Amino acid sequence: MDSVRNGCAISVSRFTTSDKSRLLKPLVRKGGKLRPTTFARAVDRAARILNNAKYPLLYGWSQTSCEAISKGIELAELVGGLIDNTTTSCHGPTILGVQDAGEATCTLGEIRHSADLVVYWGCNPVHSHPRHTNRYTIFSKGRFRKTRKDRKLIVVDVRKTDTAKLADRFIQVEPNGDYELLTALRTAINGEEIEQDTIAGVPVETVEEIANMMMECEFGALFFGLGLTMSAGKHRNTEAALALVRDLNYVTKFVIVPMRGWFNVTGANEVSTWQTGYPYAVDLTQGYPRFNPGDTSAIDAIARGEVDAALVVASDPVSHFPREAVKHLLKIPIIAVEPKRTPTSEAAEVVIPSAILGVEAAGTIYRIDGVALEARRVIAPPVGVRPDVEILDTMIKRVKKLGVKH
Amino acid sequence: MPELLIRNGYVFDPLNGIEGERMDIAVKDGKIVESVGRKARVLDASGMTVMPGGVDIHSHIAGSKANCARMMRPEDHSKDPEPKTRHTRSGVGHTIPSVFTTGYRYARMGYTTVFEPATPPLKARHTHEELNDIPIIDKGCFPLFGNNWFVMEYVKQGRIKELAAYVAWMLEATKGYAIKIVNPGGIEAWRWGGNLRHLDDTVPNFDVTPREIVRALCQVNKILDLPHAVHIHPNGLSEPGNYQTTLDTMECARDFRREGRTTMHVTHAQFTGRKGWSWPDVRSGAPEIADYVNAHDHVSIDPGQLIFTNVTWMTADGPAMFALYKLAKTKWFNADVEAETGAGIVSATYKKSNYVNAMQWGIALELALLVKDPWKVYLTTDHPNGGPFTSYPRVISWLVSNQARQRLLDKINKTAKRRLNLPGIDREYSLYEIATITRAATAKSLGLVSKGHLGSGADADIAIYDIEPKKIDPVKEYKAVRKAFAHAAYTIKDGRTVVKKGEVVRSVQGRTFWTKPKVSDDIMKTMIADLEAKFDDYYTVRMANYPIEERYLTASQMITTNAGV
C-alpha cells in the first residue's frame, strides 16, 4: 500500500508497512530450523503441543479482534491453560487500582463537549495517541467548549515532553514521586494542610494552586499513562489517581481515562471479563476461572518456570518481557500466530501467519473508553494467510479431535 | 427434532386461563402443537407443575455497565466459581455472573427469556456481543432515550413526528427492543455534577423538563406501536419522598392510552416509592403507588425486590449512584456516554438491621401484595440492584407464604417493622398468580405473542417444577416451593430439554429480539438530514459506523411494527 488518507502516523504505518517482513507460510521447526509446511500440519502440531502441556500459556490478544479473543478463551478452557493479555505488562496496575477504588470515567466525546480542564499525567499523547488532543481534548470542538481558549491544560511528567510544551502548566515531578504528589493533591482537595515545603520536587504552593485549578473547573478530565502504571508504586499510583478524581467529584465534575496503548487491549479485557469474570491473568487449569495477578499473570508464571508451552497470538513477548521470563520462554515450545516476523516467531516451534486486523481482516475492537467499533477489511490478505479467528477455530477443532490428555 | 409429549402435569397457563389442570402438552419443531404422533418422546410430568418458560422483564445481565461491574469486583466472583462440565462452559457468579453462567442459572430456574433494561445506544454493540454469548435464553435490550440530545432537541422544538422517526432509526441502529427512560434529563444535569429530582425541573442548556421528555416518548411509543410500553425509571431514585415524583410520572402521560396495552412500565418501584423527608424518616409509599396502579390501566410496575445480601448497584442513573456511593463508601464506578446517557456502579450490602434497607425490603413486598391485579406487577429484583436474579425463588416463597414473611419480619429492624404496612397484609399468591407475574404478564407486557403461554403456536419454552399442587401447601411448605423454583425438574427451550433435575444437560443458542418500526420515507428523510447535520458534532464515531448490522446478532429475531407517521 502506497498512501493512506486521514490516518494518524500510527494508523498510516499500520497500512503502509502491512506488507513488510510478512510471514506467508506456516512453519514448523524440524531439525532445529523452521521449515514451511501446510496449514493443517501446523495446526496439528500446535494442537498436540497444547494437548500435551500441563500448564500452557495463551498470551497476546491485544492486536486481534474480540471474536478471536473469544476463541482464545475457549481454547484455554479446553486445554486447561492460563490466558493472559498484554494488560499484564501495561495497564494491569490500572485495573488493580480500579478494583480497589472504582473509576469515574466517560466516553471521549463527553470530554470533548465539556472539559474545561485537561490533565495529562505520565503520558505523552502527542506521540503515543497523535490525534488525542485534536479529537477529544484541547484542540477539539465540542458543544460547550469550542476552542483551545476554552480549556486549560496541565501536564505532569518527569521530563518536558512534546505534550508538556502545549501545557498551560507543566509540573515536573521527581521520578517515582507520583504517588506522593497525587496524595498531596488529595490532601489539599480534602481541605487539609500539607506540612512539607516540597512534594516530589514540586513546591507546596504549586500543589495547592493545581488543586485549586482542579476544584474550580466545571468539568475536569485526567488522562494517565505508563508513567503512572509502571513507575514505583504501580497500582498504588493508579489507585491514588482514581481516588483523587473520585474525591474531586464531591466539589465538581471530574473524570479519569487511562491512555491504553495496544490496538484492542481494551477489547481483550472486555471479552475476558464477560466470559470469565476477570479482565486478564485468568487461570483455567482447575476447570473454572481463577484470578490472582502475581500468581496467574503471564510474566510471573513464566519466570517461575511453570509454563511448559505457549501460544502467542498477535504479540511479541520475547521482545517485551523481562529477561528472566524470556530465558524460560525460549526453553519451551512456542506457537506463534502472527502476521509478521518477530523475535517470538523466530523462536517458535510452530508459526502460523495471520491476517492484520483492520487491514486484511474484519472484527470487533474497543476504543480506550469502551466504545465498541467494527474494524473493517480493506484489502485481501496474502494468499493462504487466514484471520486469527479462523486459525483458532481450526485449532479448537483439532484439539477436540485429538482429545485432551488430562 | 423429535416430537415431545409432556404428559399428565399440573399445567398453569394464565394467558389461556388454565389453572392447575392435569393435561398433556405436545411439542413439535420447537413449537407447542395440539397433538403429536405415537412416536413422540414422552416426558412424564405426573405430580409436577408445568408452566411456560419464565420471562424476565428487567435484569441487568449484559453490556458495558455489567462488565465494568464484573471488572471492578473480583471479590464478587472468587467465592462463586462455576466449573465447566461436559455440556457447559466455566464461569463465575455471584451478583454479576459471567455470561455463560448467566444463561445457565436462568435456565436452571426455568427461565427462558430475559431483557437487559438499560443499554447506552453508543455501546449497544458491546451489549449485543454479550447477549450473543449468553447461552440458552432468548433476550433483548432496551436502549436509553431519556437524556439523548437529539430527543431533547426534538422535544424542545415540538417535532414529534421526527422524534418518532429518530426513535425508529435508533431501535434499528442499536437492535433495541423498547424505549427506556432513566432519570429523564437528570443525567444530562449530571454532566455538571447536578441532578433533576422533580418532573418540572429544567434540563440545563436544553430548556426542557422531564415531564416533556416522558410525555413525548410515550406519545412516540404510541405512534410507533411498539410491542412494549415505555420502560421508565423516574427521577429522584432512592431519595426520601420520591414516591410523589413516581406518581407524577405515572399520571403525566395517562392520555396516551394504547388499546389493550399499557402506556408505561415503572420499573423497580421500590427504589422510587419512598415517603418522608430524610433517611431516618423514610416511610413506605407503596400504598399510594399501589392505589394508583389499581385505579389505572395504563401503567404497570415491578417492585425490584430487595434481598438481604451483598449486591451490586448499577444503573444509567449516574447522579443517583454517586449519591448512594457517598452513603455506602465502598467502590464507585461512573461511565457517562456522550450525548446520550450515563452509568453508575456501587458495591453494597443490605442488612436486616439497617432501617432503610429493612424499609426497602418491606416496600417492595407491599407493592407486590397491594397491587391487586397480578397482570400489573411483575417479579424482579432489578438484578443485581435489589439482589441477584438467583433470589427469585426466595421472593416467590415470600409471596406465597405470609408465614415466610412473618419469619423474616421478626428479624428486621424493629422501627422498620413498626412503620411498615407489611405485618398487616395477609395476601398470599397462588401458583397461578406466580405463573402470571413471572411469565404470562411479563410476556404480555413485552408484546411477545409466542412467549409466556402454552397454547398452540407458542414457542416450546417450558418449565417443569417438582411441585404437586394438590399435595403441597405453599403457605407452610414455602421452603419446598423455593427449592423447586430454584432447580427446575426440566427446562425445555424451543422443544429441547436443556435442564434436567436442576442441571444443564444441553446448551443452545437463544434469539435476540429487536423492533423495527416502519416510518414513512418523507419523515425519515427529514430526520436523517437533521441527524447528518449534527452527528459529527455530537459524536466521536461517524454516523456510518454507528448502526449495528443485523448479521452482528447470532440469532436475530426482528419484530416489525407499522408506525402512524
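How many helices and strands are there in chain B? In this predicted model, chain B holds 18 helices and 25 strands. The radius of gyration of chain B is 22 Å, which agrees with the value near 24 Å that would apply to a compact globule with 565 residues. Along the principal axes, the C-alpha trace of chain B extends over about 65 × 55 × 45 Å. Of the 565 residues in this chain, 62% count as buried, and, among the contacts in chain B with a separation of 6 or more, 78% are accounted for by residues 24 or more positions apart.

An individual example of a pair of residues distant in sequence is provided by B:Arg86 and B:Val505, which are 419 residues apart along chain B while their C-alpha atoms are separated by 8.4 Å. B:Arg86 belongs to the loop between β7 (81-82) and β8 (91-92) of chain B. With 6 other C-beta atoms within 10 Å, and with a limit of 12 or fewer for the exposed class, B:Arg86 is therefore exposed.

Chain A is divided into two parts, domain 1 (21-90 + 263-402) and domain 2 (92-258), and the C-alpha centres of these domains of chain A lie 34 Å apart. The contact between them draws 9 residues from domain 1 of chain A and 9 residues from domain 2 of chain A. On the side of domain 1 that touches domain 2 in chain A, the residues comprise 6 nonpolar, 2 polar and 1 charged by class.

Helix α11 of chain A covers residues 235-248. At 1.5 Å a residue, the 14 residues of this helix should span 20 Å, and the end C-alpha atoms are 20 Å apart, so the expected and computed spans agree. Because 11 of the 14 residues of α11(A) are buried, this helix is largely enclosed by the rest of the structure. The buried positions of α11(A) include A:His235, A:Asn237, A:Glu239 and A:Arg246, together with A:Leu242, A:Leu244, A:Val245 and A:Leu248.

Strand β1 (residues 27-30) of chain A pairs in the antiparallel sense with strand β2 (residues 33-36) of chain A over 4 bridges, and in this pairing A:Lys30 has A:Lys33 of β2(A) as its bridge partner. The two strands β1(A) and β2(A) form a hairpin with 2 residues between them, and A:Gly31 in the turn has a positive phi of about 60 degrees. Strand β1(A) also pairs in the antiparallel sense with strand β17 (residues 350-353) of chain A, over 2 bridges; here the bridge partner of A:Leu27 is A:Val351 in β17(A).

Between the two chains, 46 residues of chain A are in contact with 42 residues of chain B. On the side of chain A that touches chain B, the elements that give two or more residues are α3 (66-79), α4 (92-101), β5 (102-106), α5 (108-114), α12 (265-276) and β19 (372-375) of chain A. By class, this side of chain A has 19 nonpolar, 17 polar and 10 charged residues. One of the contributing elements, β5(A), runs parallel to strand β18 (residues 332-336) of chain B and is joined to this strand by 5 bridges. Within this pairing across the chains, A:Glu103 stands opposite B:Phe333 in β18(B).

How values were computed: Residues are numbered from 1 along each chain as its sequence is written. Chains are lettered from A and ligands numbered from 1 in the order in which they are written. This is a predicted model: local features need pLDDT of at least 70, side-chain atom pairs count only at pLDDT 80 or more; totals for chains, interfaces and linings use all residues. The expected span of a helix is 1.5 Å times one less than its number of residues. A residue is buried if 20 or more other C-beta atoms lie within 10 Å of its own, exposed if 12 or fewer, and partly exposed in between; C-beta atoms are placed from the backbone. Domain bounds come from an automatic or database domain assignment. Two residues are in contact if their C-beta atoms, placed from the backbone, lie within 7 Å. Ala, Val, Leu, Ile, Met, Phe, Trp, Tyr, Cys and Pro count as nonpolar, Asp, Glu, Lys and Arg as charged, and the others, Gly among them, as polar. Two strands pair if DSSP finds at least two bridges between them. The radius of gyration is taken over C-alpha atoms; the globule rule is 2.2 Å times the number of residues to the power 0.38.
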